[in-house]
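Reader: I'm new to reading protein models and I get lost when I try to look at everything at once. Could you pick one part, look at it closely with me, and then tell me how to read some other spots in the same way?

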Amino acid sequence: MYLVYANDNRAIISYDLIRNKIINEKKDAHNKYISNLRHFSDTIMKRDLVLSVSCGDNNVKVWNAKDMKCLLNIEKINKRGELDSACFLN
């Protein structure tokens, strides 16, 4: 079981709650403050995804939760900095 969160330094951090330690830290995940994170299960590719939103750089990114590699960066899409709703459809 993991806790995924963003810190004040624009990093996304994966914390293992069983082992009680940070297992991954993606530094500079965005250029500005990360305002929202969401988790999604990709049932086709059998992986966990993290969607991140930045209210500063107005980007929405999709990450592979296992290695925190950016799979998609949609630039300048998020003008208000809030994510009211999002979903993935297979």
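Author: What follows is a slow walk around one sheet, and then a few stops elsewhere along the chain.

Before we start, keep in mind that this is a predicted model. Now to the sheet. It is an open one with 3 strands, in the order β1-β2-β3, and the pairing is antiparallel. If you look for the edges, you'll land on β1 (2-6) and β3, each of which pairs on one side only. Going from one strand to the next, the twist averages 20°. As for what holds such an arrangement together, strands of a sheet pair through backbone hydrogen bonds, either parallel or antiparallel.

Let's zoom in on β2 and β3. These two run antiparallel to each other, with 5 bridges between them. One spot to find is Asp16, which stands opposite Lys21 in β3. The two strands make a hairpin with 4 residues between them, and in that turn sits Asn20 with a positive phi of about 60°. That sign is worth a pause: most residues other than glycine have a negative phi, and most peptide bonds are trans.

Stay with Asp16 for a moment. Is Asp16 buried or exposed? Asp16 has a relative accessible area of 6%, so this residue counts as buried, the cut-off being under 20%. The side chain of Asp16 also meets that of Arg19 in a salt bridge, at 2.8 Å from N to O. The idea behind this kind of contact is simple enough: side chains of opposite charge can pair when their charged atoms come close.

Now compare that with Ile18, which lies in the loop between β2 (12-16) and β3 (21-26). Ile18 has a relative accessible area of 69% and is therefore exposed, since the cut-off is over 50%. Ile18 also has company, forming a nonpolar patch on the surface with Met1, Leu3 and Leu17. Together these four residues show about 450 Å² of accessible area.

Next, go to the loop between β1 and β2, where you'll find Arg10. Its phi is near 70°, a positive value in a residue other than glycine. The side chain of Arg10 meets that of Asp28 in a salt bridge of 2.6 Å, N to O. Since Asp28 lies in the loop between β3 and β4 while Arg10 belongs to the loop between β1 and β2, the pair ties together parts that are 18 residues apart in sequence. Both partners are partly exposed: Arg10 has a relative accessible area of 29%, and Asp28 has 49%.

So far you've met two salt bridges, out of 3 that the structure holds. The other one joins Asp42 to Arg47, with their closest N and O atoms 2.9 Å apart. Here the partners don't match in cover: Asp42 is buried at 10% relative accessible area, whereas Arg47 is partly exposed at 28%.

Arg47 is also a handy bridge to another stop, Phe40, because Arg47 turns up among the residues that Phe40 touches. Phe40 is in strand β4 (residues 34-42) and counts as buried, at 13% relative accessibility. Leaving out residues up to four places away in sequence, Phe40 is in contact with Arg47, Asp48, Leu49, Leu51, Ala86, Cys87 and Phe88. Take Phe88 from that list: the two are 48 residues apart in sequence, yet their C-alpha atoms are 7.3 Å apart in space.

For a contrast, try Lys69, found in strand β7 (residues 69-74). Lys69 is exposed, with 53% relative accessible area. Not counting residues up to four places away in sequence, Lys69 touches Val62, Trp63 and Asn64. The C-alpha atoms of Lys69 and Asn31 are 38 residues apart along the chain, and 16 Å separates them.

One more stop, and you can use what you learned about phi. Asn58 sits in the loop between β5 (47-54) and β6 (60-64). Asn58 isn't a glycine, but its phi is positive, at about 60°. Is Asn58 buried or exposed? Asn58 is buried, with a relative accessible area of 16%.

Methods:
Residues numbered from 1 in each chain as written. Predicted model: local features only at pLDDT ≥ 70, side-chain atom pairs only at ≥ 80, totals over all residues. Heavy atoms only, no water. Patch = residues over 30% accessible without salt bridge, like charges linked within 9 Å, V, L, I, M, F, W, Y side chains within 5 Å. Areas by Shrake-Rupley, 256 points an atom, 1.4 Å probe, with all protein chains shown as cover. Buried < 20%, exposed > 50% of the residue type's maximum accessible area, 1.4 Å probe, protein only. Pairing = 2+ DSSP bridges. Axes fitted to C-alpha atoms, helices over the stretch in contact; angles between N-to-C directions. Contact = heavy atoms within 4.5 Å.
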